[in-house]
Each structure stands twice: as structure tokens, then as C-alpha cells.
Amino acid sequence: MRLNKIFASMLFVGASFSGNGWAESFQPFEVTDIQVEGLQRVALGAALLSLPVKVGDTIDEVKLQQAIKSLYGSTNFESISVSHENGILYVAVKERPTISVISFEGNKDIKDEQLQESLDGSGVKSGESLDRTMLSGIEKGLQDFYYGVGKYGAKVEAQIINLPRNRVELKFKFTEGLAAEIRQINVVGNTVFSDSELISMLELKDYVAWWDLFGERRYQKQKLQADLETIKTYYHNQGYIRFEVTSTQVAMTPDRKGLYITINVDEGEKYKVKGVNLVGDLMGREELMKSILPIKAGNMYNGADVTFTEEMYSKYLGRFGYAYPEVKTYPEIDDENKEVVLNINIKPGKRVYVRSINFTGNTVTKDEVMRRELRQMEGAWLNSAQIEQSKTRLNRLGYFETVETETIQVPGSDDLVDVAVTVKEQPSGSFNAGVGYGTESGVSLQFGVEQNNFLGTGNQAGISINTNKYSKSATLSYTDPYFTKDGVSLGGSVYWNEFDANQANLERYKNKSYGVALNSGFPINESNRLNGGIGYRHNTISEISSYEQAVRFYNIYRENDEVDSDLSFDNFELTAGWYRSTLNRGTFPTDGSSQRLSGKITVPGSDLQYFKTDFDTNYYFPLTRQHGFVLLARARLGYANGYGQFNDNDQILPFWENYYSGGSSSLRGFKSNSVGPRSFYLYRGSTACSPDPSGDGCSLPGDIDTVYVSEGNSIGGNAIATASLEMIVPTPFLDEAYTNSVRTSFFVDAGNVWDTEFDYDGYRYLPADQFSQLSDYSDPSRLRASWGMSVQWLSPMGPMVFSLAWPIKEYEDDETEIFSFNIGKTF
């Protein structure tokens, strides 16, 4: 904490006069020469500039005193003596020592950087001369600071250690001692609200429960002042406009280890609003400004409403270029009738125009990338709404940890300002090469370059090669979000992938695919955007397990009677989407909402004809003004199916396009991809069988009653519905500087995946218990749910997610996973 104290002292040292011509009564003389002795660090020219005497001047006693005072005023000298002989003025000086080193010892409550910052403000820094007369004042100021935080036994001692060449080391030794604890807080004079109700609002505490690990009873003067304002604001918000804190007493115990705080108040009585008047320059918008006035006659007086009204009108005027309006409320209080008339005085001031917009902090991102997101233009009048919108758009990019804006008045002009945009960049991509581990993916090898802000251009580029136990992939992609100056984007990608489902908690199959895609986006307005694209994809499916759901697909599309033959498909895809966002940030938002509706369909004539639709929504509700606590509600809905016919069979959704759930990206507490329908096999003895289209139940010979079901792994489904409710909280033990890169939350997840198209009724010939087991897969009421906590960290290697989750609604066949850790997941 910076110490807002100024240490100053003034010293006047008389000179000793000697030499020929000096007498009890000083005789003026003409200066024929000036000689300065004792200079080491200070240049002769600098010393003579500080001396208001030059050769040829006639010097008398007054001028001599002025000369000596001027030399001391230069702050370069500790002592000065003068003499003269034959018109020559001799000035002998002893320079102040130079501070070579400043060190601190024993300080724990105040960091070295904070102490040095305070000393810098007093002119005490390395390389400067030492004014010994200021040290006692500095000692007292530092000691007063310790008193302000309740450490009444603290002592501060400044030591000067002489070094060669007229240099010194300045060492501050601290004895901090123990902080005095608050023994009791008393409120005197309150009748409307109880002591406990008022004390519960205070930041200072006289009692801390044993389980409160972060609570403390330590006294701080600054906190007491803030607490008094809290009480005053609370009363004003309840209508007690005459409320006052009449006095406070802080009494110390004899051992200086305890404090008793007494707050004396005068509550007054409640007042109602008799009327509200808008006065001043209303710019011809009186009716409009009255129509949006939130305070109505007859309401109870509320100080928060008054403050909100002042801020609302200030922002309103700011939209029209009035950057420095004065909006003040002057109450007329009628004590007899307990009423108040609020006179809101509005002074718009002068309309202000923006001369220039300047960026700082963007070492990677180019100015032009930031400037194209601005809605405030240079040369236009300053618009507070457009400034805020510009700030929001920069935050949504995801390139910056923080974005701050400031209007700076142009010197010498009362109608021009510069807008300073200061950003703190964060990793917007990654370069990775090495070995990683995830509880879902096992050991993985990675090499990749993924950059959402490629070379600071704002373009998205990526070259990635990744491998883990169930997947190998390579992708080359590039997107220009401003292909046109109007914000039309254009991009494309080329990719190759091998996927082994059996290693990903899914039923066995292998999928080799490659393809190419082009996409473009079109902005509708500030919040809405449309996207569209076209692509080609080739899939080769092999080693398919003969579970019933896959057999259905295999029987439709296989080209021969070989059970183990591979399947190959060439598909052309069209994609379309709508995206809306009012989020205040691109990474770790705390306010606003986003919705995404997307669809994909294969072009008629492709080997497979199917479609997929998805809808995602997120709502962030800040619960505190500083957005420390935020409620997040999100949901996802998805449905997919085939369309048209193939060889007289209805087209169905390829099983590798199924929806999956479970894991850190959806239903936490359940194993990755494990939620939803499972594959099943039919057996008679050791022989597999399948339903007979003729209705005889099983095409293999033997008794139908001997057929039994063997359950396999998760296979996903063509419909999904998930929802989540999260409470985002400040991360314990973490400095506020990491708020935008680390997020902690407590959550409840719920949802499921279904297969709405597979004909489970065709297996009614099975024993009742086995058929019931299968029909559960299509039961829409069969939801899963879990609760837990999550910590997300935007690290240089990419996003990291740690989760602890426990199922609160599960079934016997579910696979759970309490702890999960992932690198590279998208938040």
C-alpha cells in the first residue's frame, strides 16, 4: 500500500564569516572572483547557478544571506561556510552524501516494493543525495502506517552506513510486533436495527468462527472508515436521510494487544420523496429524461436510487459527447412532514470530441487488429456507449487478459480528448511439443502450432499433429475474420484423422477420415452473426463389432456379404449456423449470454444422407458488483437423423456421428463418453443371433427362451440434452492479478443421450427382464446428474481443467470418474 504522507523539513544554517575585511559590522565589497571548494559530485557550473552572486556585484549582508539560503535550497549541500579576501569570495561546501543502496530489514506486512514506492514519493531513492533532516519524518510516517493496521508496538529505525567516496547505505530496520485484535465492537444509539445486524455488515470483526479459515479480528484504520460508510449507506438506503455517525472511539487495552471500538449513531427518522425536479441544462430532452427517471414521488427515500439516477444521467449525456457532465442531487428536507424534495441539477458541460485513440500493452497484436473492433471513431464526439462497446469487443477477441480505457483531456483544449486503450495480452494460441497425460486420453504425444492471433494479425492459423491412445490427427487450418473490412470472414482447413473407438470407452470400430472444408461468416449486427460452409469428407470404417445397433447400419450399407469387410463413404457437407453473444469477455466471461444454433447436412447424392442440429446457450448472472461471484446457467440440445432412402432402406445416422456425453466437457462425474445407450449382443449358448424379419424371434435354431443379452460399451445416440448450473467464486489463496486466467466454480450437471430411432420393440420376444434392460436406452426420463467443483487455468500450454465430481443420479451400468484432469479442452 502506498503511504500517502509527505515528509518535509526546512533547515537554515548560518554561515561563519572570516578573513580580512570582516568586522563586527559587515562592510559591503565588490566581488572580483568566486571560488568554490569541496565539490565532488556537483559540477562547478551547477553550484554557481545556485549562487545568486556574480563577479562585479557589490555584496552586502542581506545578499550574502540570500546567497547562502539559495545554496542550501539546491539540496546538494550539508554545510556551507563563506569568507573573502581582496574581493575574492570563497565558498567552502560539504556535499550531501549520495544514497548508494536502500535496504529493508524485518518488514513482513509491507513489501519492499511498496516501501520503495513511498520513499520515491519523498525523493529518497538510489543515486539521489541524502537529506538527513527528512529521516525522522519518514520514520514517523512509516510507524504511523503500522499503527493504522493495529500494530501499536511497531518501531522503525533508519540507519546510515557510510561508504567510500561520500556514499551511504540507507537501511530501514522494522520491528513490527503483533497486531492488536478487536475484542468488541459496540454500536450505541441504534433502535431500528440491532447491533448484530449492523455489525454483520462490517468488514472488521470482533468474532471469527473456528471454521472460518480466512477470517481475522485484526484492526485497520482504513477498514473502520469504510465500515462507517457502509453503515451510513445502509441507513440512507432505508430512508433515514438524517442518519449520522456522531463519533467513534477506539480504546486500547493496557497491554496494547486488544481494542474496543464504539460507534455512536443518530438514526433519525424515515423520509418519503415528496417530489423530484430536474433542473439545469436538459438540452431540450426534458420529457425523455423525466420518462426514464427511476425515482417516483411517494417512494421511500433511497440513497442507492439517488446514486443510480446520477450515474444513469451521466452515462446518458456521455452518449452525446458530454464527457464531463456534472449531475448532483440537492435534497430539500422537510423535517416536520418527514419528506424530501430531490433537485437533480444537470450540467452537461461542453461537448467533447476525440482527437486520437492510442493503444498500449499490445506487444504482439497489431494496432489495426484492435482498431477495427472499435466503435468509437477518431474525429467524432466522445460516446460513452461506443467506448464501452469497443471495450467489450476487444475483450471478446480472447487475446487480452484485461482491457482498460481512459479519456485524457488534450492540454490547452476544453473540447478535445485522447482515448487511451491499455491491454494486457494473454496466450491466444500455443506451440507444443512433448508428452502429456490426461485421465481420459492416457499418455499422449503432441506437436502443434495453434494461434488465434497469428503474428498479431488477428487471423487464426494452426498446424497440429496429435496422438493419444485412441486418436491420431493432423490439421492445417487458416481463417481471416476480416476478409472484408465489413467483418466477413473466410477460412478453410485440411485434415486427417484415425480414431479407435474401443480405446475411448466406446464400442469397437475404427474410423480413418480425411477432408477439406471452406467456411465464411457474415455479421448481422453487434451481437449476431451468420456462418456457412461447404466441405468434403471421406470415411473408411473397419473392425466393426457385431453388436445389434451396428449390424443394422452394416446391413444397409455393406456392398457384399463379407461380415468383416470395410465400409467407405464419400460425403459432401453443407453447414450453417447462427451465433449471438453479449458476453463481456471472450475468455472467462462474467456477464452476458451467448447462443449458438448450428446445422450440418450431407448433400443429396452423397454416400450417406443425414443431418445434425445443435443448440447451445450460456447465461452469466453476476451476483456482486465486482463480478467476484457469478451464476452460470447453460444448456445443450442436439438431434440428428438420416433422410431419404438407400437400396429401399431408410437412411440412418452413421454411428460415428452419434452424440456422446460424460467427462469434463459435459456430465462431470461420469467417465468420458460413457453416458447413454450401450451396445448389446444376442447369444444362444456361445453363438450370436439376430432378430428374424419373419417374426420368429431368432434366426438360429433352438429355443427362443435360451437367447440372452450381453451388454457392451457406450455407443452414444442421435439425441442429447444436458444442462448445468455453476456458481463461480473467487479462487482461494490466489492473487487478484490471476482472476482473468484462473476460475473456480461449484456445479450441478444433468442430462442424457438417447437413441430415438433404433427399434427396441423388435426385441420383445426376449425375456421381460432383458427387454426392460434394453428399453431403458430409449426412456427420456432416464437422466443422470452430478455435482462437484472445477478449477480451470489458462496456462501457456493451453487450457487446463481439474474437476472433482460425484454422481447424485446414476444407474447400475454407469461408469463414474470422481477426479478428472485435462489439458487442451475448450472451455
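User: Hi! Which elements each supply at least two residues to the lining of the second largest cavity?

Analyst: Hi! Those are α10 and β18 (416–425), each with at least two lining residues. One thing to keep in mind as we go: this is a predicted model.

User: Noted. Which of the elements gives the most to that lining?

Analyst: That would be α10, with four residues.

User: And what is the volume of the second largest cavity?

Analyst: About 60 Å³. Its lining is made up of I357, L374, Q376, I387, S390, K391, L394, T405, V419 and V421. By class, six of these residues are nonpolar, three are polar and one is charged.

User: How many cavities of 30 Å³ or more does the structure hold?

Analyst: There are six of them. The largest cavity has a volume of about 190 Å³.

User: Let's look at the largest one, then. Which residues lie nearest its centre?

Analyst: R552, I652, L653, N658 and D755 do, out of 16 lining residues. Helix α11 (residues 548–557) provides the largest share of the lining, four residues. Sorted by class, the lining has eight nonpolar, five polar and three charged residues.

User: Since α11 came up, what about Q549? Is Q549 buried or exposed?

Analyst: Q549, which is found in helix α11, counts as buried because its relative accessible area is 9%, under the 20% cut-off.

User: What does the side chain of Q549 have as a polar partner?

Analyst: A polar atom of the Q549 side chain lies 3.0 Å from the backbone oxygen of R678. R678 is also in the contact list of Q549, along with S679, F680, I715, F758 and Y760, once neighbours within four places in sequence are left aside.

User: Nice. Switching to Y509, where is that one found?

Analyst: Y509 is in the loop between β23 (489–500) and β24 (510–523).

User: A loop residue, okay. Buried or exposed?

Analyst: Y509 is buried, with a relative accessible area of 4%. Leaving aside neighbours within four places in sequence, its contacts include F499, I541, I544, F655, W656 and Y660. D500, A501, N502, S542 and E543 are in contact with Y509 too.

User: And how far is Y509 from A550 in space?

Analyst: The C-alpha to C-alpha distance is 9.6 Å, while the two residues are 41 apart in sequence.

User: Back to open spaces. What is the volume of the second largest pocket?

Analyst: The second largest pocket comes to about 1,100 Å³. It is lined by 32 residues, and T590, Q626, H627, T739 and N740 are the closest to its centre. Two or more lining residues come from each of α10 (384–396), β17 (400–409), β35 (719–729) and β36 (742–754).

User: How does that lining divide by class?

Analyst: The lining of the second largest pocket has eleven nonpolar, twelve polar and nine charged residues.

User: You mentioned β35. In what sense do β29 and β35 pair?

Analyst: β29 and β35 pair in the antiparallel sense, over ten bridges. R634 stands opposite S724 in β35.

User: How many bridges are there between β28 and β29?

Analyst: Strand β28 (residues 610–622) and strand β29 (residues 630–642) have 13 bridges, again antiparallel. Y620, for instance, has L632 in β29 as its bridge partner.

User: Last one: in a regular strand, where do the side chains go?

Analyst: In a regular strand the side chains alternate between the two faces of the sheet.

User: Great, thanks!

Terms used. Residues are numbered from 1 along each chain as its sequence is written. This is a predicted model: local features need pLDDT of at least 70, side-chain atom pairs count only at pLDDT 80 or more; totals for chains, interfaces and linings use all residues. Side-chain values use heavy atoms; hydrogens and water are left out. On a 1 Å grid over the protein atoms alone, a cavity is a set of points where a 1.4 Å probe fits but cannot get out, and a pocket is an open set with protein on both sides within 12 Å along at least five of seven lines; lining residues have an atom within 4 Å of a point. Grid points are joined across faces, edges and corners, and a volume is the space filled by probe spheres set on the points. Ala, Val, Leu, Ile, Met, Phe, Trp, Tyr, Cys and Pro count as nonpolar, Asp, Glu, Lys and Arg as charged, and the others, Gly among them, as polar. Buried means under 20% relative accessible area, exposed over 50%, partly exposed in between (1.4 Å probe, protein chains only). Contact means heavy atoms within 4.5 Å. A polar contact is a pair of N or O atoms within 3.5 Å; within protein, one must be able to donate a hydrogen and the other to accept it, and residues adjacent in sequence count only if both atoms are side-chain atoms. Two strands pair if DSSP finds at least two bridges between them.
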